[in-house]
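Trainee: Before the discussion begins, may I ask that each term be justified by its criterion?
Mentor: Certainly; please put the questions in turn.

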2 protein chains.
Amino acid sequence: MGMSTRDQAVAARNASRQLQNLSSEDRAALLYAIADALEANEDAIMRENEKDIAAAEAADTESHLLNRLKMKPGKIAQLAAGARQIADMEEPLGRQLSKMKVADGLTLEQVTAPLGVLLIIFESRPDALPQIASLAIRSGNGLLLKGGKEAAKTNAILHQIIVDCMPAFGVDRECIVLVEGREAVSDILALHDVVDLVIPRGSNSLVSYISNNTKIPVLGHADGVCHMYLDPNADVKMAAKLAVDSKTDYPAACNALETLLVHKSLIGKGKDGYETVAAALVAAGCTLHGGARAEKALKLPACPAPRHEYGNLGLTVEIVDDMDQAIDYIHANGSGHTECIITNDKAAAEEFLRRVDSACVFHNASTRFSDGFRFGLGAEVGISTSRIHARGPVGVEGLLTTRWLCRGDGHFVEKDTGVKYTHQKLPLDANLAHKVASGLGWAVGIANAVHLGLMLWKMATKK
Amino acid sequence: MGMSTRDQAVAARNASRQLQNLSSEDRAALLYAIADALEANEDAIMRENEKDIAAAEAADTESHLLNRLKMKPGKIAQLAAGARQIADMEEPLGRQLSKMKVADGLTLEQVTAPLGVLLIIFESRPDALPQIASLAIRSGNGLLLKGGKEAAKTNAILHQIIVDCMPAFGVDRECIVLVEGREAVSDILALHDVVDLVIPRGSNSLVSYISNNTKIPVLGHADGVCHMYLDPNADVKMAAKLAVDSKTDYPAACNALETLLVHKSLIGKGKDGYETVAAALVAAGCTLHGGARAEKALKLPACPAPRHEYGNLGLTVEIVDDMDQAIDYIHANGSGHTECIITNDKAAAEEFLRRVDSACVFHNASTRFSDGFRFGLGAEVGISTSRIHARGPVGVEGLLTTRWLCRGDGHFVEKDTGVKYTHQKLPLDANLAHKVASGLGWAVGIANAVHLGLMLWKMATKK
């Protein structure tokens, strides 16, 4: 301690390079050592957790927050199992993405590399810490971690147990820094030259605050204003089912439905149209609000704004003349997260899929599928409504960047007369090719292998 | 005119969606129409260019700037040919990057999409304008373009000719906005919610200024401090050739060599060691400076700083004990651009390639190969020393993002009981598979096809 936050971030980068320089086996062995250490220290962890809980109870903390703070019996075993499963992931680093013969004897390859130093801010649930740390270790990244202050003692012991395992592998303990206090976060947010990515895992207001107060790229989403468009050829029973699922499965989630756009032809058709969908939503406890046109036509209370994230069972309904109007409405009022069309008209569906400029565009499926776990990405790092680096649900590839490796034999440029360029694409090295046959890279193939790890990870998030 | 810059950016995004909604053939046809219009208006363009030149001469502009400003005979034909070749590129949008069976009847694919709205700032050479516009049109992006004020009249007519071609294809002229004046640029730099990427094509100080004054992601590099490490097993003749090429081929380029790190065993070996390299550098006109250790041991004048980009024939030499020290020196003082090891020891080379945390890491090849053209990327958008989104030389994929398209048949989540997840990776659609077999995507395969386009593009940059 006593280091400036800048020094801490630089130390984390240096230590992450030690981590990156370990063999894949050693990085996995480190995770196994951490899993063992978590189990060996179960009693001590639980004691610190009880202190946090006692302090939170004394401060009259709300029961759902207390619930998230509490390490339940069996939790340590779960966390250890999660660390071992992340250890068993296929190696994410050094994977070949492309290979080319630039000129005779001069080859170029693009390989995956760690992003560098990540700042991850997570809320009260302390079990997120070992999970995030495990992913960072597997992917060779340094970490600055900021947890909730309610969980300070639990986070501190978890952090200590993890970093205590590092020196035996030649990695400095500074590889993972537990950041204390709000001021320290402000200090870090100014370090855009030494921190590569911020991942705020928490409320929309947290993400907005971070985005507005740093030049470091932020992976996340400040809001999720998702739309569903009912086309004239929608199966209204399917529409009812999917609208209810999209809205009510987890109303506070970013992928929950906020606005239902209804083609005008479905209005006034009784049970063969909008009425069936509205009745299902109301029966499921939803409160319908109207956009400017629906407010009058359907006698609904006015929605707060054309762009509004309810976060509860509220929902805006609006009537549109055609798909053009629906898409314009989405582009004007959406957040670029997830939109869905309900239709049996395949051409209309394909047009919607092609034209809607959002991270996720669905046909006849619940907006709730927008999720790293459901997308099979291996482990969800976050959902991005940014357009660069990573868009939509992001798996571990969001923690990676690339490097270009070029091998020659004395090749020089000399105003481009030094070599005769062939630029011939080469097949990937055989042992790697099958893993990177798609742009999703290695993340997809291991989806099943890390299923338990995922479930643990999901438990640490609040969707 | 009269629109606020925010309105202009929003209009560019809306128009870019019209562009994106065109078929690939129509976007190509638009580029052919632009090529025809450039040729048809050659005289008018040349007249405006002459006015710019006259004004620049009256203002005593330096001759090399005048030279860049001047549209030479045949230039219009070249620009038209370049636009037609970019039109003939394979379609960059909607390319499948991955495909998965999420559950029975529920498929997910990831496809390429335009990034959105780009701000591109380029210096005096007006022929960059049609080239940048052509790439943006092919990739479905809206553009805010800021050219040098010396070229104002030439840029204005080129811009007008291009956007006049758009309405016939159902695309608003606002798709490409020519931004006037420094204040307008400041205004745009504040629009991080409507502009997706800034690409400053110009001096390091321009890039630094932009990076320090916007929250919009910047694709570029403020500096390029490249290192070459001479290993004990270096072929000193090869080292001499490659050091000279890396330093002198274009000393002002970002991929030029700035620091030569020499293993201590190569010192005092006469012509079998460092002396051969130093003699070649001096013979090529270079001025050698010493790091702290070399300054004394080799009696060299001191370098200005351990991290210094000369931009001329100056070069820092430093002595290191071993590869660890060389790599630490690079990590402490480099800019993460390009580093090279010279050695005949393959294991040492592979260790260097694995451990050096820079965008490009080379073995026995000139640092000058770090370049989109030489890397065969199809068209160079820039060279990025950022770690997110794109790293190192960036081709047109730097102008793209992705979307997730999901097709179901009434699939719902219902707390993950609604479907049975299979997460089975599917082969890419046959007509697309061969184009995206590597992470480089389509960019590599077309390298040869756009060779002329590339040469034109390169002429517009200053490397």
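Trainee: How many residues does each chain bring to the contact between chain B and chain A?
Mentor: In this predicted model, the contact takes 90 residues from chain B and 90 residues from chain A. Residues count here if they have heavy atoms within 4.5 Å of the other chain.

Trainee: What is the area buried between the two chains, and which atoms give it?
Mentor: The area buried between chain B and chain A is about 7500 Å², and carbon and sulfur atoms give 51% of it. On the side of chain B, the residues B:Arg387, B:Ile388 and B:Trp404 supply 10% of the area buried against chain A, more than any other three residues.

Trainee: What makes B:Lys241 and A:Glu414 a salt bridge?
Mentor: The criterion is a side-chain nitrogen of Lys or Arg within 4 Å of a carboxyl oxygen of Asp or Glu. For B:Lys241 and A:Glu414 the N to O distance is 2.8 Å, so the pair satisfies the 4 Å cut-off. Across the interface of chain B and chain A, the rule finds 10 salt bridges. Polar contacts between chain B and chain A come to 59 residue pairs, both residues at pLDDT 80 or more.

Trainee: Which element of chain B gives the most to the side that touches chain A?
Mentor: Strand 15 of chain B, residues 400-411, gives the most, with 11 residues. By class, the side of chain B that touches chain A has 38 nonpolar, 28 polar and 24 charged residues.

Trainee: How do you know that strand 12 of chain A and strand 15 of chain B are paired?
Mentor: Pairing requires at least two bridges between the strands. Strand 12 of chain A (residues 360-365) and strand 15 of chain B are joined by 5 bridges, so they meet the requirement of at least two. The two strands run parallel, and A:Phe362 has B:Cys406 as its bridge partner in strand 15 of chain B.

Trainee: Which residues are linked in a network of salt bridges?
Mentor: The network links A:Arg13, A:Arg17, A:Asp196, B:Asp357, B:Arg387 and B:Arg391. Over all chains, the count comes to 55 salt bridges.

Trainee: Why is strand 1 of chain B called mostly covered?
Mentor: A residue is buried under 20% relative accessible area. In strand 1 of chain B (residues 96-103), 6 of the 8 residues are buried.

Trainee: Which strands does strand 1 of chain B pair with?
Mentor: Strand 1 runs antiparallel to strand 2 of chain B (residues 106-114), with 6 bridges joining them. Strand 1 also runs antiparallel to strand 16 of chain B (residues 421-425), joined by 3 bridges. B:Lys101 has a bridge partner in each: B:Thr107 in strand 2 and B:Gln424 in strand 16. The hairpin of strands 1 and 2 of chain B has 2 residues between the strands, and B:Gly105 takes a positive phi near 80° there.

Trainee: How do you know that A:Glu91 and A:Arg27 form a salt bridge, and what parts do they link?
Mentor: Their side chains meet at 3.0 Å, N to O, which is within the 4 Å limit. A:Glu91 lies in the loop between helix 5 and strand 1 of chain A, whereas A:Arg27 lies in helix 2 of chain A, 64 residues apart. A:Glu91 has a relative accessible area of 16% and is therefore buried; A:Arg27, at 2%, also counts as buried.

Trainee: Why is A:Glu39 called partly exposed, and A:Arg84 buried?
Mentor: The class of partly exposed lies between the cut-offs of 20% and 50%. A:Glu39 is at 34% relative accessibility, so it counts as partly exposed. A:Arg84 is at 19%, and is therefore buried. These two residues form a salt bridge with closest N and O atoms 2.9 Å apart. Since A:Arg84 lies in helix 5 and A:Glu39 in helix 2 of chain A, the pair ties together parts that are 45 residues apart in sequence.

Trainee: What separates A:Lys51 and A:Glu48 along helix 3 of chain A?
Mentor: They are 3 residues apart in that helix, and therefore separated by about one helical turn. Their salt bridge has its closest N and O atoms 2.9 Å apart. A:Lys51, at 44%, is partly exposed, whereas A:Glu48, at 18%, counts as buried.

Definitions and conventions. Residues are numbered from 1 along each chain as its sequence is written. Chains are lettered from A and ligands numbered from 1 in the order in which they are written. This is a predicted model: local features need pLDDT of at least 70, side-chain atom pairs count only at pLDDT 80 or more; totals for chains, interfaces and linings use all residues. Side-chain values use heavy atoms; hydrogens and water are left out. Buried means under 20% relative accessible area, exposed over 50%, partly exposed in between (1.4 Å probe, protein chains only). Helices (H or I, at least four residues) and strands (E, at least two) are DSSP runs, numbered from the N terminus. Buried area is the accessible area (1.4 Å probe) that two parts lose on being put together, summed over both. A polar contact is a pair of N or O atoms within 3.5 Å; within protein, one must be able to donate a hydrogen and the other to accept it, and residues adjacent in sequence count only if both atoms are side-chain atoms. Ala, Val, Leu, Ile, Met, Phe, Trp, Tyr, Cys and Pro count as nonpolar, Asp, Glu, Lys and Arg as charged, and the others, Gly among them, as polar.
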